[in-house]
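I opened this model to go through its hollow spaces, its ligand and a few backbone oddities. My entries follow in the order in which I looked things up.

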Amino acid sequence: MTDSALILAGHGSHISPNTAGVVWSYVDRLRALGAAGEVTACFWKEPPALNQVLDTVKATQIFVVPVFTAQGYFTASVIPSEMALPRPVTRRDGKTITLARPLGEHPAMTRVVRNIVRVHIDEHNLDRADTAVAIIGHGTRRNPNSRATTRYQAKVLRDMNWVGEVVDVYLDDEPEIQSIYRTTSAGNIIALPYFLAPGSHVSIDVPRALGLSDRAAPQTVAGRKIFYTQSLSGDESICSAIHELALEAGLPVCRDSDSRSWRGFPKAGRHSLVKALKERTNQKKPLQFGQVMVTEKRVWHCDNDACSTPMSSAAQLRARLREDPFRPLLTSADLPAGWHVDLDRPAQAHAVLETIYPGLVADWAAKHQGNFLAEPLKVTSERQIGMFKGIHNLAAELIERTVAKVCGACVRQPTWWQGEPKSDLPCKAACNYWLSNAAKLGESAL
Ligand code: SF4
């Protein structure tokens, strides 16, 4: 069914490309599978933002799957608030938006945990009776329910009587990670980070809390041998679990499988873009979006020299432009050059631009159609339920300074602060990157 959109809602990061990268890899696979007419992702920390992604899809039946390992603060509070989804099924503006259960509640997660533990026991020939498993969740003191799924996984493993001891511990809640050295006594500890992606928590924060200097090999800490495992993302069944949660929420079964690149992208603004490209072909002039040039036949960086590498898929292009160095703000004006994408048809330009600058074409088209509406900082600020709440009360001079510093290095115009959209690439609301910078500046000014 092409009138359906599937949106994967994740956390994202300002430090590691892997947190959102894992979610994008599921998006690529679900697009190839033809899981819905439009498939995309949105994030708390990276674009497209939770509060803007709905503008990028045209389907009237929209399904949002939270790609989080726990039903807690983000799935129960942040996502409903940012996406304006007060109920599991929300109807507005002729669209029905269904919020599915989070990934952490899918039974596959238990299988994934069991497999990781089994592999470590077998690989290292561990004595099960002398082995403890520590399942390490994020947790948050803002919502005690955030511990529920981690605790559940620990209980399932404990009930199986596979190993001598099983505990659940948390990065940002009680019991803390270091407590495993007091509460368990086995000689071996399998420490399993119950996180979806190998982001900074998995690669830096958890190993540090465990006292590990090197994740690669088993290490001895406090007289115990620690086997630090991978995160959950490596398991093949996760993508299927996301799809199953969407189907369970009512996503129609779609048999439009198509492994060709640039299919299944969000469609808002596509028609306007194709029309504008045709006009530009007649004028023999490319269109420019930020640092990207576009014609009906090709997309390329405006500063390319003669040597440019062809890109053939969203995954390849994303890796080139986003991961090395990591650019958490995809619209920052430091887009790496030296690449191009040749198009089979003009509509592909939309998918390529959506990969480079998610959500930008939808806002560009809305501005051209006279429908673009910016969200004042006060509204963004009052919607917040965490650390950014009340951020509009910062001194105007601090806000101006953050706009100049952060937005000055971005290809979008901060219309939400400056009023009239003068640029062709208006920005609807202060992004998480801006909010984080403003909050830091506000703290240092105290
Ligand atoms: S204009 Fe400013 S707020 Fe908007 S995306 Fe760019 S940096 Fe973020």
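**Entry 1. Largest cavity.** I began with helix 15, which supplies 4 residues to the lining of the largest cavity, the largest share. I note here that the model is a predicted one. Helix 11 (360–368) and helix 12 (377–383) also each supply at least two residues of that lining, as does helix 15. I read a volume of about 460 Å³ for the largest cavity. Its lining comes to 39 residues, and Ala49, Gln52, Ala429, Cys431 and Asn432 lie nearest the centre. By class I get 23 nonpolar, 9 polar and 7 charged residues in the lining of the largest cavity.

**Entry 2. Ligand.** Where does the ligand sit? I find it in the largest cavity. I listed the residues that surround the ligand: Leu329, Val406, Cys407, Cys410, Arg412, Pro414, Trp416, Cys427, Ala430, Cys431 and Trp434. Sorted by class, this shell holds 10 nonpolar residues, no polar ones and 1 charged one. Cys431 turns up both in the shell around the ligand and among the residues nearest the centre of the largest cavity.

**Entry 3. Second largest cavity.** How many cavities of 30 Å³ or more does the structure hold? I count 2. The second largest has about 50 Å³ of space. I find it lined by Trp24, Arg31, Thr40, Phe265, Arg318, Leu330, Glu354, Thr355 and Pro358. Helix 1 and helix 10 (348–356) are the elements that give two or more residues to this lining. The lining of the second largest cavity divides into 4 nonpolar, 2 polar and 3 charged residues.

**Entry 4. Helix 10.** I then checked burial along helix 10. All of its residues, 9 of the 9, are buried, so helix 10 is largely enclosed by the rest of the structure. Glu354 and Thr355 are among the buried residues of helix 10, and both also line the second largest cavity. His350 is another of the buried residues in helix 10.

**Entry 5. Largest pocket.** Next I turned to the open spaces. The largest pocket has a volume of about 1200 Å³. Of its 48 lining residues, I find His11, Gly12, Phe74, His138 and His201 closest to the centre. Helix 1 (18–33), helix 2 (73–82), helix 6 (200–210) and helix 15 (432–445) are the elements that give two or more residues to the lining of the largest pocket. I sorted this lining into 19 nonpolar, 22 polar and 7 charged residues.

**Entry 6. Second largest pocket.** I read about 430 Å³ for the second largest pocket. It has 19 lining residues, with Leu54, Asp55, Arg92, Asp93 and Lys428 nearest its centre. The elements with two or more residues in this lining are helix 2 and strand 5 (95–99). By class the lining holds 8 nonpolar, 3 polar and 8 charged residues. Why does the second largest pocket lie between domain 1 and domain 4? Both domain 1 (1–103 + 236–250) and domain 4 (373–445) give residues to its lining, so the pocket lies between them.

**Entry 7. Cis peptide bonds.** Most peptide bonds are trans, and I noted two that are not. Pro47 and Pro48 are joined by a cis bond with omega about 0°. I place Pro48 in the loop between strand 2 (38–43) and strand 3 (61–66). Asp324 and Pro325 are also joined by a cis bond, with omega about 5°. Pro325 is in the loop between helix 9 (314–322) and strand 15 (339–342).

**Entry 8. Positive phi.** Most residues other than glycine have a negative phi. Ala84 has a positive phi, near 55°. I find Ala84 in the loop between helix 2 and strand 4 (89–92), and its relative accessibility of 39% makes it partly exposed. Asn161 also has a positive phi, about 55°. Asn161 lies in the loop between helix 4 (148–159) and strand 7 (165–170). Is Asn161 buried or exposed? With a relative accessible area of 67%, I enter Asn161 as exposed.

**Entry 9. Glu375.** I looked up Glu375 last. It lies in the loop between helix 11 and helix 12. Its relative accessibility is 16%, so Glu375 counts as buried. I read 29 Å between the C-alpha atoms of Glu375 and Leu277, which are 98 residues apart along the chain.

Notes:
Residues numbered from 1 in each chain as written. Predicted model: local features only at pLDDT ≥ 70, side-chain atom pairs only at ≥ 80, totals over all residues. Heavy atoms only, no water. Near = heavy atom within 4 Å. 1 Å grid on protein atoms, 1.4 Å probe; cavity = no way out; pocket = protein on both sides within 12 Å on 5 of 7 lines; lining within 4 Å. Sits in = over half its atoms within 2 Å of the grid points. Nonpolar A, V, L, I, M, F, W, Y, C, P; charged D, E, K, R; others polar. Points joined across faces, edges and corners; volume = space filled by probe spheres on them. Domains from an automatic or database assignment. Buried < 20%, exposed > 50% of the residue type's maximum accessible area, 1.4 Å probe, protein only.
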